[in-house]
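Please open the model in your viewer and keep the selection panel at hand, since this tour goes from one selection to the next.

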Amino acid sequence: MNTPNLDPRDWEDFRKTSHKALDLILDQLRELSSQPAWRPIPTEMIKTISEEPLPLTGIGEARTLDRFQEQVLPYPNGSWHPRFWGWVQGTGIPWAMIADMLASGMNAHLAGFNQAPKWVEHKVVSWIAEMLGWPSTSQGLLSSGATMSNILALCVARNEISNRNVRSEGLQNPDGVLTVYCSDQTHGWIDKGIELLGIGTDNLRKIATDSEGRIRVDSLRTAIDKDLRQGNIPVCVCGNAGAVHFGATDDLNQLADICKEYGLWFHVDGAFGAFAYLVPEMRADLHGMERADSLAVDLHKWMYLPFDIGCLLCQKTDVLERTFAHSQTYMKKTDRGLLAGGVPFADMGVELSRPFRALKAWMCIQAYGVNAFSDCIRSNIEHARLLARLVSSHDRFELMAPVPLNIVCFRYRPTIYEESNLFEESIIDAFNNELLLRLQESGQAVLSSTMIHGKFCLRAAFTNHRTQNSDVELFFPTIVKLAESLEKQPGN
Ligand SMILES: Cc1ncc(COP(=O)(O)O)c(C=O)c1O
C-alpha cells in the first residue's frame, strides 16, 4: 500500500491533465469577446454544485477538471470580459495568472523569512511607491485589497494621533471621543473600519461635497473646529483620489494643509484613482497625494491584476510596526538562518500567514513595463469620455455626474412619463433599474448602478485593458435599443 501523500501518483499523467487545464483557460481567455459578458447560472447547475455530497474518496484530477469546465468556468461574474464595466474590478492579465500558479506552486509564507519572495514583495512595494510619485523608500505591504489597506491605515492613524495608548488601554480611556473625517463620496470601507476600530459611526463626520464631488474644505474645517470645542479628539482625514461613485478626487493639497495645521493624520484612499498618476496629463488632479501620511491602492483594479492584491504605503518608517508588531516566541528574529530579518510583513499588518501576492506584480511590471499600464489607463479614460459624449448627444439619455476619470453615471428618461404627466423620479429609477438588469441578462455588457443626489443611475466604470473604442461604440446602440423596446412594453 502507498504511504499517504497528496502529490500525483503518476507525474506524466498529471502533466497531461495540467496542460489540458492550461489550454482550457487560455482558449477561454482568447475567445472572451465572442462570449456573453455575463450569463446567469442555471438553477439546475446551482443544484448540482450545492447538492454534491462530501467526497470521501476522490474521483481523480481529470474528472474534477471536467466538472470545473462544465459547472464553474461558464459562469463567472464577467470581470474578465472586454465589455465588463460594472464595477472597478481589474480584468486580469494572463501572465499574472501564470505568476499566481507559480506562487501557489512555491507555497511561500510571506510573513517575512529569509527568502527571495520577501525581497520581491519589498521591491514591488517600492515600485508602486515610485509609480505614484512617492519616495521609493516608503514603507508598506501588500494586502487583500483597498478595504484592508484603508482599515490598516485608519488603525495606525488612531494609534498614532489619539492621546492614549490604544494598544494596551483599548478605547476605554474616557478623555475625549476620537473623530474621523471623510466626504459623502467615500467608499463603504470606512463605515466597516470605523466600527471595527471601536471609533463608532457616530464619530465619523461625512462632509458634504461640491458639484465635482470634492470634499468641501470650509465645511471640513468647521467640523474639526466644532469637535475641538466639544472636547473631542480629531484623528484623521481620509481624502479620495478617485471616489467610488463617479471618480471624484478631493483637493488633496488643501487636505494636507489642514491636517498639518491641526496635527491630524492624512490618509488617501486611492484604490483605483491613484493610478491615474501614471498618465502625466492627469497628475495635476492628484496634486497633494504625495503629502499623505498613508495611501491605499489596489493593483486588482486599475493595474488590471487578478484578485487579490492591494497595497498600503506609509510615508514614515516604523509607524506600521508601532501599531501591529508582536513578538511571537516561535518566530523570533535571528541573525542567521531562516528567521534572519524576522517577519517584517506580519509585523506591519494583521495577517500572519500571507500569500505570495507580489509575484504577479513583479512579473507583469517587468514583462510589460510601466508605460504599457499608463497606455491602458489613458485609453480607459478615453473610453469614459467617448461614452459620455455618446450619452450627451442622445436626447433621451442624460449624464448624471461629471466624468473626471473613468466612470460614467447616466440614465434614460422615458418619453411616456413626461407625456402622460406621470413624471416621477421613482418611476424613472425603476425604469433604469429594469434597463440595467435587462442589459446584464442580455450578455451584451455589464454595467452597475449607483445613486447620485438620490437618483438611480447606470454606472460604467472602465478599468478594463481589453476594452476597445469599438466595444463602447457598439454598446451604445444596444442600450438605446433596449431602452426603446422597454418603453414600448405595456406597464412601462
Ligand atoms: C474608492 C474605493 N475604495 C475602496 C474600495 C474597496 O476595495 P476592495 O474591494 O479592494 O476592498 C473600492 C472598491 O471598489 C473603491 O472603489
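Which helix gives the largest share of the shell around the ligand? Bear in mind that this is a predicted model, and select helix H6, residues 146-161, which contributes three residues and with them the largest share of that shell.

Next, widen the selection to the shell as a whole, which has 15 residues, with Thr147, Asp269, Asp298, His300 and Lys301 coming nearest to the ligand. Coloured by residue class, the shell divides into six nonpolar, six polar and three charged residues.

Now show the polar contacts one by one. At alanine 146, a backbone N or O atom lies 3.0 Å from an oxygen atom of the ligand. At histidine 300, an N or O atom in the side chain is 2.9 Å from a ligand oxygen atom, and at lysine 301 a polar side-chain atom lies 2.9 Å from an oxygen atom of the ligand. With the protein surface switched on, you are looking at a ligand whose accessible area on its own is 390 Å², of which the protein covers 83%.

Finally, select the cysteines. How many disulfides are there? The count comes to zero, where a pair of sulfur atoms would have to lie within 2.5 Å. Cysteine 259 is buried, at 3% relative accessibility, and its sulfur is too far for a bond because the closest cysteine sulfur, in cysteine 236, is 7.0 Å away. Cysteine 376 is likewise in no disulfide, the nearest cysteine sulfur being that of cysteine 364, 11 Å away, and at 25% relative accessibility cysteine 376 counts as partly exposed.

How values were computed. Residues are numbered from 1 along each chain as its sequence is written. This is a predicted model: local features need pLDDT of at least 70, side-chain atom pairs count only at pLDDT 80 or more; totals for chains, interfaces and linings use all residues. Side-chain values use heavy atoms; hydrogens and water are left out. A residue is near a molecule or strand if one of its heavy atoms lies within 4 Å of it. A polar contact is a pair of N or O atoms within 3.5 Å; within protein, one must be able to donate a hydrogen and the other to accept it, and residues adjacent in sequence count only if both atoms are side-chain atoms. Accessible areas come from the Shrake-Rupley method with a 1.4 Å probe; for residues, only the protein chains shown count as cover. Helices (H or I, at least four residues) and strands (E, at least two) are DSSP runs, numbered from the N terminus. Ala, Val, Leu, Ile, Met, Phe, Trp, Tyr, Cys and Pro count as nonpolar, Asp, Glu, Lys and Arg as charged, and the others, Gly among them, as polar. Buried means under 20% relative accessible area, exposed over 50%, partly exposed in between (1.4 Å probe, protein chains only).
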